Amino acid sequence: MSLRTEISILRGFFTPEEAAAWKLNSGTGEVGSLLESLMEGDFEAVLQNQHILDLLAGDGSGADEDIEAYLEGRVSLYLTCGPCDDQRTRELVLLVLAASCLHLFAQSNWTGPSVSIALCDLLPPILQPFNERLSAPLRSHLLLDGESVYTLVANPFLLLLARVILVKCSSRMLSLQLVPWWTLRYISLHQQILEDCSPQLHSLAQSSMDTVMKCEPGLSEHCTLATQFHLECSYISLMYYDYKLAKEHIRKAQELSGLDISMTGALGKRTHFQQKNLAQLVLQVERKEEQAKASREDSPSYTPPSMLPRDYRLNDDTVLDHISFAEPGQYDLPDLRAEEQAVHLWCCSLCGPPGLLPVNPLNIEDTLFFLQCILSQPKFWAVHVSALCLRTSLEKGSSRRAERGMMQLQAIVDHFEDQRCPVTERLKVFYCSRVSPRWVIQKQLAGLLSDLGCISSALLTYEKLQLWEDVVICYERLGQHGKAEEVVRRELEKKETPSLYCLLGDILKDHQYYDRAWELSGRRSARAMRSKALLHLQNKELQQGVSCFQESLRINTIQLGVWFALGCAYLALEDYEGAARGFHRCVGLEPDNAEAWNNLSTAYIRLRMKQKAFHTLREALKCNFEHWQIWENYITVCTDIGDFSEAVSAYHRLMDLRENYKDVQILQILVGAVVENLTDSHGEPAATMLPKMKELLGRVGARHSSDAHVWQAYARLYGDGHSSSPEDNEKALELLSKELRCRVRAGGWEADPLLFKEVIQRALHLGEGENSPGHVLLPVFQQRHTDVATGQVHAELQEVVNALDQLVSQLQELNRKLREQ
């Protein structure tokens with residue numbers, strides 16, 4: 001019975017069968033009334049229940065010094081000798097309390113509407129006079145790994161109490177199996193109110209996932225819940241840049257949902273004036289047969305559309321709000337359940353921050369179509385709001401859609417206080433839908449206003465939200481640098497915090513403020529050391545910057561930008577092993593960071609680890625296929641390690657990207673490898689690439705027809721005039737002739753003995769009768785390089801001159817004989 005009750009609490013409602021069983025067995029007593037209030041969404045009633053108030057009450061000793069330790073003591077005492085005789089009942093009461101705390105905390109900061117409960121309502125009477133003094137300690141207990149808590153987070157006491165029950169005292173709740181799942185939900189909420197990722201929460205999330213996975217066989221009957229579990233795990237994995245684990249969980253979630261999602265094409269129109277139907281992207285969704293027949297009583301019921309935020313239409317004079325398909329009903333979606341919509345939403349979130357796909361126009365277009373499919377079935381508050389926010393985020397760069405995005409965000413912000421939609425509807429699949437906190441959506445709205453040029457309006461919103469960093473940026477954009485400093489100093493007069501001192505240091509570029517923030521935080525502010533390190537880098541103080549970066553990473557290892565900056569600093573110091581470590585951690589956190597992959601390859605090249613450099617550059621190109629500098633590095637490494645086939649492909653790609661691209665040295669190396677039949681890195685003879693090299697040189701020659709070195713390399717592929725094939729010899733002589741003409745037309749060679757010697761040597765390959773360049777070269781040479789006093793050619797050029805003279809004589813004799821015939 002305990003596991004079934006835990007499953008019902010996780011789901012948020014009873015199925016008809018479970019409700020009947022619960023009333024029959026456990027519907028009476030204190031735990032029954034608490035559970036009833038939880039299921040009805042009356043979380044305040046749970047917290048104000050006399051049983052719970054007695055649990056939290058005490059003499060209050062030490063609470064004003066360490067509120068977390070006080071709560072832990074009260075919970076431990078309740079577990080040991082609470083009023084309930086049954087240990088399992090006591091544990092169930094605590095689980096209901098923890099769930100109510102998390103739901104009420106989510107209502108206060110994510111879903112709305114606002115709650116009326118206050119901290120003083122939950123504290124024992126003896127502590128109520130210290131209500132104001134407890135606010136700062138509450139936030140300090142939620143500060144982890146040097147990452148500060150958002151200033152205006154509402155009701156932090158609820159999150160702290162949930163943390164005490166689910167983390168501090170979970171080891172004593174042995175009869176409950178799914179407490180770690182609630183721990184995951186606590187982690188999801190706690191991480192979102194922190195400034196950056198917390199390694200402590202990441203480690204706790206990993207252990208909690210592993211524990212729940214061991215209980216997964218017990219969830220085999222509850223396919224809906226199992227799907228939600230894997231979705232929640234995938235979002236938490238994304239928070240901590242664990243992309244591999246996120247992919248594995250979403251794969252399992254999609255299998256459990258029974259959906260087969262694929263993309264296809266259909267004819268349709270996108271604009272009002274489009275006359276001809278063109279191919280458009282279409283989402284094809286099918287359920288597996290066994291899933292289609294299955295009854296899903298454990299899936300949440302639909303929310304009436306009138307309770308959901310309004311989805312604003314585009315109303316553009318050119319672009320249609322939806323694609324108008326030639327056959328409208330051909331690819332209609334099935335009626336999606338809650339967890340199925342959440343799976344679709346996860347696919348959309350791939351392109352959001354953080355996501356598995358780089359943000360580019362193609363991925364954005366795919367994502368917007370997924371979102372349109374979700375928004376066509378408005379059924380669940382959390383999914384609907386997440387989809388609307390993500391659509392606005394992706395469309396903000398479109399001038400035709402920016403106004404719609406601004407109105408949409410404002411509608412969502414206003415909807416938080418709408419009393420028509422109860423919290424029970426808002427919390428359906430909330431934890432597997434990645435809804436943003438209220439202040440994040442308001443910040444997104446202010447950012448959109450700023451992008452549209454309404455900086456003053458954005459500034460008012462940032463000040464209201466106490467997002468001082470964004471306030472400073474707005475003042476900087478307005479050119480009011482002094483005002484930015486004034487605002488920060490004003491806030492410091494109210495209360496000194498490490499983040500405000502860091503901001504002041506950013507404005508004034510002064511290390512003393514970062515040092516003050518560092519000391520004020522008890523040497524636990526990763527932000528202070530991070531900012532101090534960046535200032536050292538700006539002042540070219542590289543070694544000091546590296547030391548500060550390392551100190552910041554000692555506190556919090558999950559800092560993507562810091563690992564990248566540390567790698568760059570090491571590169572500048574020529575410490576290539578350190579650079580490799582920094583960039584390796586960076587690409588581990590963000591696998592689609594092309595620049596980090598490229599820099600990692602540079603470090604490997606400097607360390608003479610060419611094979612590793614080759615593989616890292618391949619990863620860089622997966623992330624950014626259009627970056628010609630990466631392709632240049634790639635072709636160089638391919639040539640160095642002997643992967644000639646890849647080098648040829650890379651040369652073609654560089655010619656696609658850069659119209660005037662040419663690298664004669666690479667061409668000469670590739671031609672030499674083919675002519676000499678070297679063995680490539682795969683053990684294959686390079687001579688097999690002869691057709692590909694001829695194709696490449698033909699393309700290069702067509703684009704750079706005045707470069708003699710290109711024609712010289714091209715001629716080598718045909719034997720340089722010494723092939724056993726008459727056709728090849730004829731082609732080679734044609735190419736050599738072009739080469740020599742290019743050299744002669746280049747100019748300047750006749751005045752330089754070394755250049756002239758090279759031209760003569762190339763001329764010795766040719767003999768084209770009256771068209772021989774020897775007739776032209778010899779008189780020019782004799783005019784420029786003959787000693788006036790002696791009438792003799794300079795000694796160092798005598799040998800090639802004699803050879804050229806002899807060639808001219810032979811050609812003249814041959815010409816005479818041909819005329820006589």
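1. Let me start with a residue on the outside: R608 is exposed, with a relative accessible area of 75%. Its setting is the loop that runs between α30 (594-606) and α31 (610-623). The backbone deserves a look here, since phi of R608 is near 60°, a positive value in a residue other than glycine. Please keep in mind throughout that this is a predicted model.

2. D145 makes a good companion to that point. This residue also has a positive phi, about 50°, although it is not a glycine. You will find D145 in the loop between α8 and α9 (156-168). Is D145 buried or exposed? With a relative accessible area of 8%, D145 counts as buried because that value falls under the 20% cut-off.

3. While you are checking the backbone, two glycines are worth a stop. G112 is joined to P113 by a cis peptide bond, with omega at about -10°; P113 itself belongs to the loop between α7 (87-111) and α8 (135-142). Further along the chain, G479 comes just after α22 and takes a positive phi of about 80°.

4. Stepping back to the whole chain, the secondary structure comprises 40 helices and 3 strands. The protein chain has 821 residues, and 52% of them count as buried. Among contacts with a separation of 6 or more, 65% are between residues 24 or more positions apart. The accessible surface comes to about 37,300 Å², with 49% of it belonging to carbon and sulfur atoms.

5. For a helix pair to inspect, I would suggest α10 (residues 179-192) and α12 (residues 223-239). These two pack at an angle of about 35°, and their axes are 11 Å apart. The crossing of α10 past α12 is left-handed. On the α10 side the contact involves W181, L184, R185, S188, Q191 and Q192, which meet L225, Q228, F229, E232, C233, I236 and M239 of α12. Sorted by class, this contact has 7 nonpolar, 4 polar and 2 charged residues.

6. Helix α22 (residues 468-477) has W468, D470, V471, V472, C474 and Y475 as buried residues. What do the buried residues of α22 pack against? Their partners are α20, α21 (455-465), α23 (481-494) and α24 (498-508).

7. S433 is a loop residue, placed between α19 (423-426) and α20 (438-451). Its relative accessibility is 1%, so S433 counts as buried. Setting aside neighbours within four places in sequence, the residues in contact with S433 are Y235, L345, A382, V383 and S386.

8. I635, by contrast in setting, lies in helix α32 (residues 628-641). I635 counts as buried because its relative accessibility is 1%, under the 20% cut-off. Beyond its neighbours within four places in sequence, I635 is in contact with A647, A650, Y651, L654, Y661 and I666. One of these partners, I666, is 31 residues away along the chain, and the C-alpha atoms of I635 and I666 are separated by 8.2 Å.

9. A last point concerns annotation. An unreviewed UniProt entry carries "repeat: TPR" over residues 560-593. In the model, that span is 79% helix and 0% strand, and its end C-alpha atoms lie 10 Å apart.

Notes:
Residues numbered from 1 in each chain as written. Predicted model: local features only at pLDDT ≥ 70, side-chain atom pairs only at ≥ 80, totals over all residues. Heavy atoms only, no water. Helix = DSSP H or I, 4+ residues; strand = E, 2+ residues; numbered from the N terminus. Buried < 20%, exposed > 50% of the residue type's maximum accessible area, 1.4 Å probe, protein only. Contact = heavy atoms within 4.5 Å. Areas by Shrake-Rupley, 256 points an atom, 1.4 Å probe, with all protein chains shown as cover. Axes fitted to C-alpha atoms, helices over the stretch in contact; angles between N-to-C directions. Left-handed = near helix turned anticlockwise from the far one by under 90°. Nonpolar A, V, L, I, M, F, W, Y, C, P; charged D, E, K, R; others polar. UniProt positions renumbered as here; feature names shortened; annotations may be inferred.
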